[in-house]
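Please open the structure in a viewer and keep the selection panel at hand. The tour below proceeds by selection, beginning with a pair of packed helices.

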Amino acid sequence: MTTTAYMVWLIIGCALVTWLPRVIPFIFVRSVTLPDVALKWLSYIPVCILSALVIENLIDTESSKVVTLDWPVFITFVPTLLIALITKSLSITVVAGVIIMAAVRFFM
Amino acid sequence: MTSTTELHKDQATSSSNDRFIQGVKDCVPTLLGYISIGLAFGVVGSASGLSVLEIALLTILIYAGSAQFIFCALLLTSSPASAIIVTIFVVNLRHLLMSLTLAPHFTRYSMLRNVGFGTLLTDETFGVAVTKQMQTGKLYGKWMDGLNLTAYIFWILSCVSGAFLGQWVANPEQWGLDFALVAMFVALLVLQLSSVGKSKIMHYIKLIGYMAVIMYGLSYIVPSHVAVLLATVIVATIGVVTDK
């Protein structure tokens, strides 16, 4: 149950940058309207950032000079994606993904 | 949730949908998600070398699943504090859009209460609230507080329980727990895409293709968290330019 001053400040910094985007619209929505092009750009952010984060985990940049697929993760990703498409359920996908990853690591 | 809402729609819309307890009830379907991801976060957090206190602080102050996981991932790669803060900011920038969508429905409440609604906004509570707004046409402050506080309390309890659990699970990678994060992003991506209209789905799939190519290319020249930032900015811009 310990921490350092550096960690506390880092957490506070992260808290501030996650808090501001959440509250600013609630404070300023009465007086400011964003231009349509900005709203449209923001509407692409969720899909872009989520796919970037998935892809980041699928590629292996460390093992060799050539960037390759991280095979155990990729082999787990394929059935996990199918389960997500079929169930459309966050909890089922997470539980199934973890079980498949454990199985892949056990056999590979 | 849906059937209860519809059953009482005629006679009791204003008397039940403006109540705190109805907000609590409407939160229940999302709780399994909070509990499973929260437990996984606690375990991954302890495996990343965070203490129970640090996990509790992260959970209480940041209160955003993906941001908390990324915090751990960046900590493990010893990223500088500036890179961690900028990445977390960009990762959670989507809340700006959600907040912009919900805020117009609460302008009749005080500034302080609006700050409260925004502070506890998450992907899941946003989803529940926009669905409620579509069904009943109006959102009430007490209902929103019931929804938000239930989600917040369950998230904190789950993460902290996971942190204690993590002290007993020696190697979470062996149990596949590190994949909980990737699986969550996959599921959130699928949920995002399934809410996009059929006319736009091909546009989005093309963008994901561009994303794969750009991420691969950037991986040769910048660290992966920077690649995520740059690729997102580039592809979102391509999305706007190629939008019909």
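Helix axes at an angle under 35 degrees count as roughly parallel, and those at an angle over 145 as roughly antiparallel. The model examined here is predicted.

**First selection: α4(A) and α3(B).** Select residues 90-107 of chain A, which form helix α4, together with residues 20-47 of chain B, which form helix α3. Their axes lie 8 Å apart and meet at an angle of about 30°. The two helices α4(A) and α3(B) are therefore roughly parallel to each other. The crossing in which α4(A) passes α3(B) is left-handed. To view the contact itself, display A:L90, A:S91, A:V94 and A:V95 on the α4(A) side, and B:L32, B:G33, B:S36, B:I37 and B:A40 on the α3(B) side. By class, this contact comprises 6 nonpolar and 3 polar residues, with no charged residue.

**Second selection: α3(B) and α9(B).** Keep α3 of chain B displayed and add helix α9, residues 123-136 of chain B. Here the packing angle is about 150° and the axes are 10 Å apart. Because of that angle, α3(B) is roughly antiparallel to α9(B). The crossing of α3(B) past α9(B) is right-handed. From α3(B), the residues to select are B:D26, B:C27, B:T30 and B:G33; from α9(B), they are B:E124, B:V128 and B:K132. This contact divides into 2 nonpolar, 2 polar and 3 charged residues. Note that B:G33 takes part in the contact with α9(B) and also in the contact with α4(A).

**Third selection: the contact between the chains.** How many residues does each chain contribute to the contact? Chain B supplies 80 residues and chain A supplies 62 residues. On the chain B side, select helix α11, residues 179-194, which gives the most to the side that touches chain A, with 15 residues. Colouring the chain B side by class shows 58 nonpolar, 19 polar and 3 charged residues.

**Final selection: chain B as a whole.** Select chain B and display its secondary structure: there are 13 helices and 0 strands. Read along the sequence, the pattern is accordingly a succession of α elements. Of the 244 residues in chain B, 45% count as buried. For a contact map of chain B, consider the contacts with a separation of 6 or more: residues 24 or more positions apart account for 75% of them.

Note on methods:
Residues numbered from 1 in each chain as written. Chains lettered and ligands numbered in written order. Predicted model: local features only at pLDDT ≥ 70, side-chain atom pairs only at ≥ 80, totals over all residues. Contact = placed C-beta atoms within 7 Å. Helix = DSSP H or I, 4+ residues; strand = E, 2+ residues; numbered from the N terminus. Nonpolar A, V, L, I, M, F, W, Y, C, P; charged D, E, K, R; others polar. Axes fitted to C-alpha atoms, helices over the stretch in contact; angles between N-to-C directions. Parallel < 35°, antiparallel > 145°, perpendicular 65-115°, else oblique. Left-handed = near helix turned anticlockwise from the far one by under 90°. Buried ≥ 20, exposed ≤ 12 C-beta atoms within 10 Å, placed from the backbone.
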